[in-house]
Amino acid sequence: MLRWHRPLMLATGLMALLAVALAVPFAVDERTLDGMPLWAKPLKFAISVAVYSFTWAWLLSLQRRDRRWGHWAGTVLAVAGVTEVAVIVFQAARGHRSHFNASGPLDAALFGAMGLMIITLMLANIVAAVAVLLDRQADRPTTWAVRLGLIISTLGLAGGGLMLGPRPGQSLAGGVIGAHTVGLPDGGPGLPLLGWSTAGGDLRVGHFVGMHALQLLPLLPLALAALSRRLPVLAPESVRLGLTLTAGGGYAGVFALTVWQALRGQPLIAPDGVTLAAAAAVVLAVLIGAVLSLTRGNAPSATGTFEATRTTGASGTTRTTGVTGVTGATGVTETGVTVTGVTVTGVTGVSGVTGVSGVTKITEPDVAAGASR
């Protein structure tokens, strides 16, 4: 039974309620800040922290061993996330910027407090990630999806540090320290709701993509397992593992690409030829990985011919003879069948056979030792 992390679930509920409440001023308040609706940032952060907290509550519930330090790390994540959103809402109510704002003593103090919260959040994220990574999950695809999601999301969170520090022409006297736009001042034209710059590079893109690997990647093995009931090609665990690793690698490539594109001062929606070529290389690598995962995991399980003569003696002993030419038979299973009291003779060329039990006598040295049905 899952044991959900209560502080994180409480944070999830608070942020969900706050998001619903903020939808009202977002819809009716026509004021803007840095070219965006005044309440857009508080709404985005409330939704983001709600999803982030819920994901961590689920991940920490997967621990097979109760690690108190992992629990405390989750509590710190909840407190830091809620505190950051509270500052953003407070500043929006004042009509002031919450990030990179040093225009007054209170603004500077609040931004400094947010900086400490971000550092605390990142450290707690790493500690909680270690607590989860120490445990193996239900199957290998899920285990690796969680691992890759945690690693990429931690890098995405750390990528927020690229926005800190003064840009050329900035100073404390000017009241603004740091920026998320590269090549232009913050506040230019941006995508609806998201606000990502459409005129220059925007570091928030990579920050967003990286952080939400934590939610997206663990969903993949769950979806593949559900689809495997209807698509036999996905039934082998090795196939689902290969597809999960391929998706993780592709996601990491997209994250790196968005950060690189932003650092070059290039808008997300206006990539140049070099960026498009890099994106094509990522897509091609993912397609190759997917094809290899599907073909290798569903390779033929046996080659050769099967010719057998089966007779049953008076004592109920079955004698099988004349089986030849079987090689590479792996993963051959027959559910609900128990074979006992079988004498097998004349078998040659059998290798890699798994799933055989109850054989009382095997002759011929060519039969792999320990074969079971």
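Let's start on the outside, with helix 4, which spans residues 105–133 and gives the largest share of a nonpolar patch, 6 residues. The model you are looking at is a predicted one. The patch lies on the surface and is formed by Trp69, Leu116, Ile119, Leu123, Ile126, Val127, Val130 and Leu134, which together have about 720 Å² of accessible area. Take Ile126 as a sample: this residue sits in helix 4, and it counts as partly exposed because its relative accessibility is 38%, between the 20% limit for buried and the 50% limit for exposed.

Now let's step inside. The largest nonpolar core contains 22 residues, and Leu8, Tyr52, Trp56, Leu59, Leu77, Val132 and Leu150 are the ones with the most contacts within it. At least two residues of this core come from each of helix 1 (6–28), helix 2 (40–61), helix 3 (68–94), helix 4 and helix 5 (140–158). Tyr52 is a good place to pause: apart from neighbours within four places in sequence, it touches Leu77, Leu121, Asn125, Leu157, Met211, Leu214 and Gln215. There is also a second, separate core of 12 residues, with Met15, Leu22, Ala46 and Ala50 among them.

Finally, zoom out to the whole protein. You can count 10 helices and 8 strands in it, and of its 373 residues, 39% are buried. If you consider contacts between residues at least 6 apart in sequence, 60% of them link residues at least 24 apart. As for the surface, the protein exposes about 19,400 Å², of which carbon and sulfur atoms supply 68%.

Terms used. Residues are numbered from 1 along each chain as its sequence is written. This is a predicted model: local features need pLDDT of at least 70, side-chain atom pairs count only at pLDDT 80 or more; totals for chains, interfaces and linings use all residues. Side-chain values use heavy atoms; hydrogens and water are left out. Helices (H or I, at least four residues) and strands (E, at least two) are DSSP runs, numbered from the N terminus. Buried means under 20% relative accessible area, exposed over 50%, partly exposed in between (1.4 Å probe, protein chains only). Contact means heavy atoms within 4.5 Å. Accessible areas come from the Shrake-Rupley method with a 1.4 Å probe; for residues, only the protein chains shown count as cover. Patches are made of residues with over 30% relative accessible area and no salt bridge: like charges are joined within 9 Å, nonpolar side chains (Val, Leu, Ile, Met, Phe, Trp, Tyr) within 5 Å. A salt bridge is a side-chain nitrogen of Lys or Arg within 4 Å of a carboxyl oxygen of Asp or Glu. A nonpolar core is a set of buried Ala, Val, Leu, Ile, Met, Phe, Trp, Tyr and Cys residues joined through side-chain atoms within 4.5 Å.
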